[in-house]
Amino acid sequence: MEKTVHIAVVPSVGYSHLVPILQFSKQLVQLHPDIHVTCFIPTLGSPSNASKSVLETLPSNINYTFLPPVNPNDLPQGTPAESIHLTMIHSLPYLHQALNSLTLRTPLVALVVDPFAIKALDFAKEFNMLSYIYSPLSATTISFCFYMPKLDEETSCEYKDLPKPIKLPGCVPIHGRDLFTNVQDRSSQEYKQFLQLLKSLSIADGILVNSFLEMESGPIKALNEEGSVKGIPSVYPVGPIIQTVTSSVDANGLECLSWLDKQQSCSVLYVSFGSGGTLSQEQIVELAFGLELSNHKFLWVVRAPNSSANATYLSTQNDVDPLQFLPSGFLERTRGKGLVIPSWAPQIHILSHNSVGGFLTHCGWNSTLESVVHGVPLITWPLFAEQNMNAVLLSEGIKVGLRPRVNENDIVERVEVAKVIKCLMEGKEGEKLRNNMKELKEVASNAVKEDGSSTKTISQLALKWRNLV
Ligand code: UDP
């Protein structure tokens, strides 16, 4: 009888740090049913409904346990990244206890963690497990993560003041101002904490990246070729791994899907800024007028404004009606032309709908891959974290997106909004991007077929783990 290969998985707090690692786990056990996964989930307050509905879809060979929740009031005021980090630190003793009790019953061969849960890898040696980071980020971003400590040593100014773009082996050149938002103030506590986190990435035995060779061959090959010399763990491209259209859809979601059913093929621009991205009041107004001016159909997931783009990242459920922040008369004037949904939409269902012809996105890596898998070209509108780097990769590297110009106050004005929408939805340039995205969709689908590059990489890992049992 085949022996069970048991691994443990640790996500971190936030929808987009839980769901990707669960999706990876699902893909793994589907391809290799002799593997069993136990997922230990750190929590801050209570998990969102969206996260809970994904947990309900797990197969029987993936177990999950919530670690005792951290009370948000016990954490100091800080950025979402700091709260995620601190939640992990608070959860470590419980995780240790949980691993201890599980390993008494069954040997674990590997520990796979989200980058923000890297502290958990300290336990891998103690429990005799191989250690991996599952990165829900691009390979280009991972390259920068490994390069950042060197960049820190070599640079005396703020990165945004560097005169030339930074060139890393195999990567599209990226200007300093487009690096992670958390490295833009080098005197901040957040910067120091982040740098510390990046320095510890090398302790892992491997980095699993939700990307694929055909999309990011440059950084993936460079990381693996030069990595061994520079002490970078092996990089395993296992993507694209995205959500499937299995989760349930609420009443708002059903309304928008039936609206899409009535629209022409490829005619609708989907507008969304991820699980928690927000715009300022001024930017909401400019975007609204821009959508109106473009005269194209749109489906817009609207959130209440905030001066900080990631303010609601860990708390999307709030009671304020976001529609009240739209310009007066907007809903009436765009009736029939556009549909506005408050706060949350069934994105994966939307992107797979035939009526959607473009996606104005904040360039979160999950949204990016979901668009690639469904072949939807992009307007790249990054807000925070590594999203600027993704925007550069998509618009200047792979050329599947258009990046609007921001004014001196960091606002995309209405005329610019209308211009990029028209360009994407009806212009020659848009056609080129659409074709590039179609080609990328094709290779993305090949990467996860039975003999595809990413499927083979997952099998290579499974074999390695199986040999340890
Ligand atoms: N998402 C969704 N509905 C929404 C907003 C987001 O289903 O209204 C999902 C989206 O499909 C993706 C994830 O939330 O899987 C967002 O992840 P991403 O990495 O794009 O952005 P983040 O939330 O980390 O900023």
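Here are four short exercises, with worked solutions, on a predicted model of a protein with a ligand.

**Warm-up: confidence**

Find out how confident the predictor is in this model.

Solution. Start with the protein: its pLDDT averages 93, and 97% of the residues score at least 70. Then look at the complex, which gets an ipTM of 0.99 and a pTM of 0.94 from the predictor.

**Exercise 1: the sheet**

Work out the strand order of the open sheet and pick out its edge strands.

Solution. Step one: trace the seven strands across the sheet, and you should get S3-S2-S1-S4-S5-S6-S7, with parallel pairing. Step two: look for strands that pair on one side only; these are strand S3 (62-66) and strand S7 (234-237), so they are the edges by the pairing rule. Step three: check the twist, which averages 25° from one strand to the next.

Now zoom in on one pair. Strand S1 (residues 5-10) runs parallel to strand S2 (residues 35-41), and five bridges join the two. Want a spot to find on screen? Try Val 5, which has Ile 35 of S2 opposite it. As background, the strands of a sheet pair through backbone hydrogen bonds, either parallel or antiparallel.

Finally, add a helix to your sketch: helix H3 (residues 80-105) lies across S1, S2 and S3, and H3 runs at about 155° to S2.

**Exercise 2: two helices crossing**

Decide how H1 and helix H16 (residues 453-466) are oriented to each other, and list the residues that meet.

Solution. First, take the axes: those of H1 and H16 come within 10 Å and cross at roughly 75°. Next, compare that angle with the range of 65 to 115 degrees that counts as roughly perpendicular. The crossing falls in that range, so H1 is roughly perpendicular to H16. Then go through the contact: H1 brings Gln 27, Leu 28 and Leu 31, while H16 brings Thr 455, Ile 458 and Ser 459. Sorted by class, that gives three nonpolar, three polar and no charged residues.

**Exercise 3: around the ligand**

Describe the shell of residues around the ligand: which ones come nearest, and which helices supply them?

Solution. Begin with the nearest: of the 18 residues around the ligand, these are Ser 16, Gly 274, Ser 275, Gly 364 and Ser 367. Next, the helices: H1 (15-31), H11 (347-351) and H12 (365-374) each supply at least two residues of the shell. The largest share, four residues, comes from H12. Last, sort the shell by class, and you get six nonpolar, eleven polar and one charged.

Terms used:
Residues are numbered from 1 along each chain as its sequence is written. This is a predicted model: local features need pLDDT of at least 70, side-chain atom pairs count only at pLDDT 80 or more; totals for chains, interfaces and linings use all residues. A residue is near a molecule or strand if its C-beta atom, placed from the backbone, lies within 6 Å of it. Ala, Val, Leu, Ile, Met, Phe, Trp, Tyr, Cys and Pro count as nonpolar, Asp, Glu, Lys and Arg as charged, and the others, Gly among them, as polar. Axes are lines fitted to C-alpha atoms, for helices over the stretch in contact, and angles run from 0 to 180 degrees between N-to-C directions. Two residues are in contact if their C-beta atoms, placed from the backbone, lie within 7 Å. Angles under 35 degrees count as roughly parallel, over 145 as roughly antiparallel, 65 to 115 as roughly perpendicular and the rest as oblique. pLDDT is the predictor's confidence in each residue, from 0 to 100.
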